[in-house]
Amino acid sequence: MVLSWKLVVDSVNAPVLADFWAAALGYEVEDPSALVGQLLAAGHLPAEAAAEHGGRRIFRGYAAIRHPDDPFDATSGVGLGRRLLFQDVPEGKGGKNRLHIDVHGEPGGLDALVARLEGLGATRVREVDRGPAGHWWIMLDPEGNEFCAT
C-alpha cells in the first residue's frame, strides 16, 4: 500500500520561506484563502489564527507549496501530491539538517542554477566536486536550512 506524505519544514516565517522554495522549485504556493474565509465567517477560526500574505488569507504560521502538475482540493487549496508544508516554531534551528533537499538543474547548468538560487535569497556554503560521482554546491535557504544544488 502506497502512503501519502508531505515534507514539513520548521520555520521562523513560514509564508516567506514558502515563497522562496516555490520560486526555487517552480512549485505553486497553496492558496487556503477560501477555506480561511469560510472558517472565519462560520466562527470556527478565531481572527488571530488568520493572517494575510501576498494578498491572500492564510493560517497564521503556516504555508505550503505544491507541484503545479499535481491535483489539489479547490476548496481548501491543499495539494494532493508532492508538497512541502512550512510551520512556524518558537525555537531556532539547532545544528545540521538530518534531511535535506537536492535541487537539480539542467545538465551543465550548475553555475546558472546556483546564481538563480542566490538571486532568490540562498547562500553558497561550499562546493563539492567528486568528479564522476557528482558536482554540487551546499547552500543555505533564507532561514539557514542546508540544501544542495546539483
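Visitor: Which residue in β6 stands opposite V8?

Guide: This is a predicted model, by the way. Five bridges join β1 to β6, and the two strands run parallel. Look across from V8 into β6, and the residue standing opposite is L85.

Visitor: In what order do the strands of that open sheet come?

Guide: The sheet is built from four strands, and their pairing is mixed. We've already met one parallel pair in β1 and β6. Read across the open sheet, the order is β1-β6-β5-β2.

Visitor: Which strands have one side left without a neighbour in the sheet, and why?

Guide: It comes down to partner counts: a strand at the edge has a single partner strand, so one side is left without a neighbour in the sheet. The strands in that position are β1 and β2 (28-29).

Visitor: What angle does α1 make with β5?

Guide: α1 packs on the sheet and touches β1, β2, β5 and β6. Compare its direction with that of β5 and you get about 10 degrees.

Visitor: How far apart are the C-alpha centres of domain 1 and domain 2?

Guide: The protein splits into domain 1 (1-91) and domain 2 (99-149). Their contact takes 13 residues from domain 1 and 13 residues from domain 2. As for the C-alpha centres, they lie 25 Å apart.

Visitor: Which element gives the largest share of the lining of the largest pocket?

Guide: This pocket has a volume of about 510 Å³. Its lining has 26 residues, with V9, D10, K93, N97 and N145 the closest to the centre. β1 (7-11), β6 (83-88) and β10 (146-149) each supply at least two lining residues, but the largest share, five residues, comes from β1.

Visitor: Which domains supply at least three residues each to that lining?

Guide: By class, the lining of the largest pocket has eleven nonpolar, seven polar and eight charged residues. Sorted by domain instead, at least three residues come from each of domain 1 (1-91) and domain 2 (99-149).

Visitor: And the second largest pocket: how many of its lining residues are charged?

Guide: That pocket has a volume of about 330 Å³, and 19 residues line it, with E30, P32, Y62, A63 and A64 nearest its centre. α1 (14-25), β4 (56-59), β5 (62-66) and β6 each supply at least two of the lining residues. Divided by class, the lining has eleven nonpolar and four polar residues, and the number of charged ones is four.

Definitions and conventions: Residues numbered from 1 in each chain as written. Predicted model: local features only at pLDDT ≥ 70, side-chain atom pairs only at ≥ 80, totals over all residues. Heavy atoms only, no water. 1 Å grid on protein atoms, 1.4 Å probe; cavity = no way out; pocket = protein on both sides within 12 Å on 5 of 7 lines; lining within 4 Å. Points joined across faces, edges and corners; volume = space filled by probe spheres on them. Nonpolar A, V, L, I, M, F, W, Y, C, P; charged D, E, K, R; others polar. Domains from an automatic or database assignment. Pairing = 2+ DSSP bridges. Contact = heavy atoms within 4.5 Å. Axes fitted to C-alpha atoms, helices over the stretch in contact; angles between N-to-C directions.
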